[in-house]
Amino acid sequence: MNKCHIAYLACAAALLGTGLGAAPSTADHTVHLVTPGESIQKAVDSARPGDTVLLAHGTHHGSVDVTTPGLTLRGMGRGTVLVPEAGATTATVPTGGAGAERAADSCAAAGNGICVTGTKDHGVDGVTIASLTVTGFAKTGVHANEADGLTVRNVTAVGNGVWGIATERSARGVFRGNTARDNGDAGLFLANTVKEEEGATDTGGTVVEHNRLEGNRIGVTIRRLRNLTVAGNHLTGNCAAVFVVGDENKPKAGLVTVRENRIERNNKSCPKTARLDALQGSGIVLTGTEDNLITHNVIRDNVGASPLSGGIVVFKSFVGTTSERNRIIDNLLQGNSPADLVNTDPGEGNTFQGNSCQSSQPAGLC
């Protein structure tokens with residue numbers, strides 16, 4: 001592992017040899033360069049807030065757990081690849097070994113590639129994960145918990161067992177320019193928590209934008225959250241493109257804006273699970289949520305026979321919670337089946353206005 005203290009000229013020359021052409025101007029920050037075969041975890045554990053751990057081009061093996069606020073973990077593009085350690089298992093947490101490796105062991109044992117791990121009393125804020133590929137992990141490519149102000153950009157999460165990129169108990173996140181493909185569940189999964197029944201939490205304006213999401217069970221899942229935006233993404237080849245999901249807990253999920261996305265041919269077929277019916281041909285699904293705005297999306301050729309199939313679907317949740325005061329306005333919908341607009345929810349105040357579409361259930365929504 002090489003270290004380079006950032007004094008704009010001194011470090012720039014050294015980093016040019018690794019393919020990084022620019023350096024931050026803050027004099028007391030350090031770049032820790034990790035080449036394939038070296039320990040990413042040791043570099044992360046030795047870094048201070050504001051430092052960058054830079055992964056060189058090539059294939060790196062193992063998992064890494066980030067617990068330092070303000071840290072940047074960055075690769076050199078898609079050719080920087082993180083894969084599981086050979087023979088890795090998620091059955092138990094490995095014992096023994098240096099203390100610097102135990103966090104990575106725990107992350108690996110949970111089936112994750114990169115973990116950003118805070119606690120209620122010690123959040124890991126302001127972390128950036130960027131410009132790398134994470135693939136083949138049993139659960140999640142990038143998983144964050146109690147990580148406010150997290151930025152994930154230009155990350156390719158491919159072929160992970162459950163989620164490509166996932167967060168819990170985190171606010172003010174930015175997820176931009178990522179590709180999540182062929183993951184077992186959601187390409188991007190944002191939730192309050194998956195282990196407890198709680199009301200929706202306010203994300204403080206989390207942004208999910210300009211991502212490409214394809215071949216997943218669900219492209220983007222927003223679960224039990226409030227106050228965020230999903231904009232300018234391209235979603236295709238998933239079983240379902242966008243899910244905004246609530247339940248009976250209070251406060252209710254909602255205040256989500258879904259705008260200017262291209263949602264086309266999400267016709268992969270996925271079987272029923274313990275939590276959800278079979279999926280195919282779902283564009284945007286709202287279930288058990290309130291006060292969302294769905295606008296200026298292009299939604300084409302999403303076709304299926306699931307109860308959740310259709311271009312934009314407002315669906316009474318499986319626990320009986322209605323969706324209320326959602327505005328579906330000024331969207332372009334074509335070729336979706338069983339209909340471009342579907343409303344099977346008896347909730348009050350859901351409005352459909354100004355949409356360009358050809359079919360709806362019930363009739364009259366276009």
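**Exercise 1. Find the bridge partner of Arg-223 in E21, then work out how the two strands run.**

Start with the pair itself: across in strand E21, Arg-223 has Val-245 as its bridge partner. Bear in mind that this is a predicted model.

Next, place the strands. E18 covers residues 218-223, and E21 covers residues 240-245. Five bridges link E18 and E21, and the sense is parallel.

Now look at the other neighbour. E18 also pairs with strand E15 (residues 186-191), again parallel and over five bridges. On that side, Thr-221 in E18 sits opposite Phe-189.

Last step: is E18 mostly covered or mostly open? Buried here means under 20% relative accessible area, and six of the six residues of E18 are buried.

**Exercise 2. Put E18 into its sheet and name the strands at the edges.**

Walk along the order: E5-E8-E10-E12-E15-E18-E21-E24-E28-E31-E33. That's 11 strands in an open sheet with parallel pairing. As a reminder, strands of a sheet pair through backbone hydrogen bonds, either parallel or antiparallel.

Then go to the ends. Strands E5 (64-66) and E33 (360-361) are the edge strands, each pairing on one side only.

For a check elsewhere in the sheet, try E8 (residues 112-117) and E10 (residues 140-145): they run parallel and are joined by five bridges. Asn-112 finds its bridge partner in E10 at Thr-140.

**Exercise 3. Describe the largest pocket and say which strand gives the most to its lining.**

First, the volume: about 540 Å³. The lining has 21 residues, and the closest to the pocket centre are Arg-223, Phe-243, Val-245, Arg-275 and Leu-276. You've met two of these already, since Arg-223 and Val-245 are the bridge partners from the opening exercise.

Second, the strands: E18 and E21 each supply at least two lining residues. E18 gives the most, with three.

Third, the chemistry: sort the lining and you get eight nonpolar, five polar and eight charged residues.

**Exercise 4. Step back and sketch the whole chain.**

Begin with the elements: the chain has three helices and 33 strands.

Then burial: 54% of the 366 residues count as buried.

On to the surface: the accessible area is about 14300 Å², and carbon and sulfur atoms hold 51% of that.

Finish with contacts. Taking those with a separation of 6 or more, 60% come from residues 24 or more positions apart.

Notes. Residues are numbered from 1 along each chain as its sequence is written. This is a predicted model: local features need pLDDT of at least 70, side-chain atom pairs count only at pLDDT 80 or more; totals for chains, interfaces and linings use all residues. Side-chain values use heavy atoms; hydrogens and water are left out. Buried means under 20% relative accessible area, exposed over 50%, partly exposed in between (1.4 Å probe, protein chains only). Helices (H or I, at least four residues) and strands (E, at least two) are DSSP runs, numbered from the N terminus. Two strands pair if DSSP finds at least two bridges between them. On a 1 Å grid over the protein atoms alone, a cavity is a set of points where a 1.4 Å probe fits but cannot get out, and a pocket is an open set with protein on both sides within 12 Å along at least five of seven lines; lining residues have an atom within 4 Å of a point. Grid points are joined across faces, edges and corners, and a volume is the space filled by probe spheres set on the points. Ala, Val, Leu, Ile, Met, Phe, Trp, Tyr, Cys and Pro count as nonpolar, Asp, Glu, Lys and Arg as charged, and the others, Gly among them, as polar. Contact means heavy atoms within 4.5 Å. Accessible areas come from the Shrake-Rupley method with a 1.4 Å probe; for residues, only the protein chains shown count as cover.
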